[in-house]
Amino acid sequence: GNGNGNGNGNGNGNGNGNGNGNGNGEVTCIEGLESLSLSPEQDEVVVDGSPDPVEVTATGDFGDRTEEIEGWRLHWDVSRDDDTPPGSIDEGVFQPYPSGGVVTITAEDACEVGGQTTITMILEADIGQPGDPGGWQDGDVETGGDAPAFIYPSDQTRFPRNLHRQVFQWSDSVGSDEHRLVFTGEYGEVAVYTDGQHEDCAGAGGAGCWEAAEVAHWAFIASSHAGTTVEVVVETLDDDTILRSEPITLGFSKEDVRGAIFYWTTTAAGVRRAHISEDEPEEYVVGNPSTEYPEHGESVDCVGCHAVSRDGRYIAGSTDTVSGDNEAAWVYEITEDAPPTALLTGEIDNSTSSWTAISPDNELVTVARRGEMWNVDRETGAFVEDVPFAVGDNPSATIPDWHPNGDRLAYAAYPSPGPGGPPGGGPQRNTPSNAVIAAIDYDGEGDWGEPEILVPEVEEGMSNLFPMYSPGGDWLAFSVGEGGHSDDTAQLYLTDEHGADPVELERANHIVNNEETGGQHQNSLPTWAPPGDLHWVAFNSQRDYGVIGTSGRQQIWVTAIDVSKFGTGEDPSYPAFRIPFQNLDEDNHRAFWALDVREEEPDPPDPICIPSGEICDPDVDECCEQFESCSQDPEGNHRCRPPIIE
């Protein structure tokens with residue numbers, strides 16, 4: 001028999017995997033078996049970074065007696081209700097994955113008579129070695145005064161389970177080289193011993209840093225507590241005194257966050273692509289170095305104002321070429337490897353930069369430019385129709401986004417272009433005030449409803465901009481501010497798809513480095529991750545990154561959203577974290593988070609199998625029913641049937 005637990009190349013494997021084994025024999029129907037009980041039952045097992053196997057015993061109830069069932073006679077499975085790998089099991093020998101949490105083990109015979117048990121894994125693990133073990137063991141603990149304090153991440157931050165590479169940063173007023181971070185939660189405790197040195201923190205005096213760079217280290221912390229929280233303290237050893245910080249609380253998603261983030265960067269003058277768990281982004285279609293399209297006789301000089309289809313298959317982006325002879329809103333097909341395939345390179349006029357959106361069925365590209373908005377055919381670039389967007393005192397429109405159902409288009413509507421053009425950035429940075437979020441229904445066959453104001457003015461003299469629907473279409477994120485890419489006043493807001501009672505995402509906007517700030521951080525252009533157990537919104541922001549800093553550069557940050565708090569008076573957001581694949585010395589913005597074609601699995605082939613009881617060829621055919629095999633019946637015919645023990 002054999003068993004396995006799943007994990008992807010980054011160590012962020014999907015849970016709900018299983019281990020199974022048939023041992024030296026085959027799984028059979030056990031005559032007279034009425035039920036199974038497994039032990040240990042509801043037990044706690046303490047594990048470390050290299051856990052020992054756990055013996056699971058199956059006891060069969062035969063009505064008039066009970067007896068232990070050999071492991072090889074049963075089918076075994078182990079699972080979790082989160083995406084942490086569950087470990088593997090073979091003939092009743094469970095090999096835990098090195099993390100805490102609850103696993104469910106089941107066993108059954110070929111006639112599906114079985115039982116199950118749960119085991120709570122408690123992880124106790126150390127990372128690194130203390131320089132002064134005696135000091136940590138015998139030192140007196142003090143808080144306050146010279147005790148360290150966490151700078152990044154902020155208290156109450158929520159992280160994806162499959163992120164890692166976060167740099168924990170804290171104050172160090174005594175200049176020690178002995179630090180310990182302790183993560184304590186329901187399913188274990190992890191202690192990290194570090195000298196507090198990190199290359200990115202080298203220029204920050206009076207601070208200590210530790211990066212959860214190893215996937216295993218992050219897994220100890222996040223995978224053990226998927227769907228729950230940990231309390232974290234940082235301690236500094238000062239001679240014979242342990243200086244202990246006030247605790248912060250961090251939480252983790254149950255499910256891995258999927259998808260790729262496509263974002264614009266000034267460094268590469270184009271669009272990069274990365275998954276949040278990747279170490280480096282990919283230069284996907286950029287001007288520096290120039291992406292070459294010899295089949296079109298063009299080299300890309302810059303790609304901006306891009307939009308990505310919700311299924312992650314197409315990009316529409318304003319594209320400038322080195323020659324200057326072919327500047328248009330290009331349409332690209334997203335590919336597993338860079339660069340994307342250029343499908344349309346000159347069909348959509350781009351005399352000035354345009355905002356675009358791709359309909360959920362990928363048939364239309366909506367183009368907004370200089371207050372006008374229209375649709376073109378995504379496949380040919382041909383003009384299809386003008387969008388009747390004018391509403392109330394707002395005859396101009398920009399920054400469209402399609403509802404995932406394809407039956408509604410949201411956009412920013414505003415009174416007039418003004419001397420600097422409409423809201424939104426790029427060549428349109430000098431923006432008028434009073435833009436609202438509007439929406440118009442669409443029947444999918446070319447007929448439009450009456451446009452309506454979805455979200456009226458939220459703050460007097462400010463504009464509502466950059467609407468973006470959630471993957472399910474139930475929620476709409478947008479920003480409120482003066483407008484443009486470098487708008488210090490921009491703040492993130494949330495409303496439902498009907499525009500009811502917009503609320504500011506206060507913690508996402510204001511909490512920076514464990515401090516309440518004025519929120520003047522250019523928080524704008526929100527985009528939603530593919531669906532999971534938490535909602536995630538990425539946005540661009542110019543804020544300090546702990547003691548490391550980003551030299552006043554705009555980068556991509558992510559906040560978790562708890563939509564159940566909407567309308568309760570509670571802030572639905574959590575403090576934001578910085579995506580670690582970014583370089584510290586670059587400006588990044590306009591992120592789109594979409595499904596990732598690199599994650600897709602091919603459609604399974606149509607099953608070819610023989611139904612139960614039907615004639616089969618033992619050398620060729622497979623049986624449809626689990627545990628059945630093509631074996632000879634009493635009449636000498638080969639049929640698909642369960643094995644029987646006489």
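**Overall make-up and two strand regions of the model**

Buried residues make up 56% of the 646 residues in the protein. The structure is a predicted model, and its secondary structure comes to 3 helices and 51 strands. Laid along the principal axes, the C-alpha atoms fill a box of roughly 90 × 75 × 50 Å. Take the contacts with a separation of 6 or more, and 59% of them turn out to link residues 24 or more positions apart.

On the outside, the accessible surface comes to about 26300 Å², with 41% of that belonging to carbon and sulfur atoms. As for charge, the protein carries 28 positive and 121 negative side chains. The centres of these two sets lie 3 Å apart.

Strand β27 makes a good place to zoom in. This strand covers residues 298–308, and 10 of its 11 residues are buried, so β27 is largely enclosed by the rest of the structure. With strand β26 (residues 292–293), β27 pairs in the antiparallel sense over 2 bridges. Here Tyr 293 stands opposite Glu 298 of β27. The hairpin made by β26 and β27 has 4 residues between the strands, and in it Gly 297 takes a positive phi near 65 degrees.

β27 also pairs with strand β28 (residues 314–321): the two run antiparallel and are joined by 6 bridges. In this pairing, Ala 307 sits across from Ala 316 in β28. The hairpin of β27 and β28 has 5 residues between the strands, and there Gly 312 takes a positive phi near 70 degrees. A glycine with positive phi therefore turns up in the β26–β27 hairpin and again in the β27–β28 hairpin.

Further along the chain comes an open sheet of 4 strands, in the order β31-β32-β33-β34 and with antiparallel pairing. The edges are taken by β31 (355–358) and β34 (383–386); each has a single partner strand, which means that one side of each is left without a neighbour in the sheet. On average, neighbouring strands of this sheet are turned by 25 degrees against each other, direction ignored.

At the β34 edge, the partner is β33 (residues 372–377), and the two pair in the antiparallel sense over 3 bridges. One of the residues involved is Trp 374, whose bridge partner in β34 is Asp 386. As a general point for reading such strands, side chains in a regular strand alternate between the two faces of the sheet.

Methods:
Residues numbered from 1 in each chain as written. Predicted model: local features only at pLDDT ≥ 70, side-chain atom pairs only at ≥ 80, totals over all residues. Heavy atoms only, no water. Pairing = 2+ DSSP bridges. Axes fitted to C-alpha atoms, helices over the stretch in contact; angles between N-to-C directions. Buried < 20%, exposed > 50% of the residue type's maximum accessible area, 1.4 Å probe, protein only. Contact = heavy atoms within 4.5 Å. Areas by Shrake-Rupley, 256 points an atom, 1.4 Å probe, with all protein chains shown as cover. Lys, Arg positive; Asp, Glu negative; His and termini not counted. Charge placed at Lys NZ, Arg CZ, Asp CG, Glu CD.
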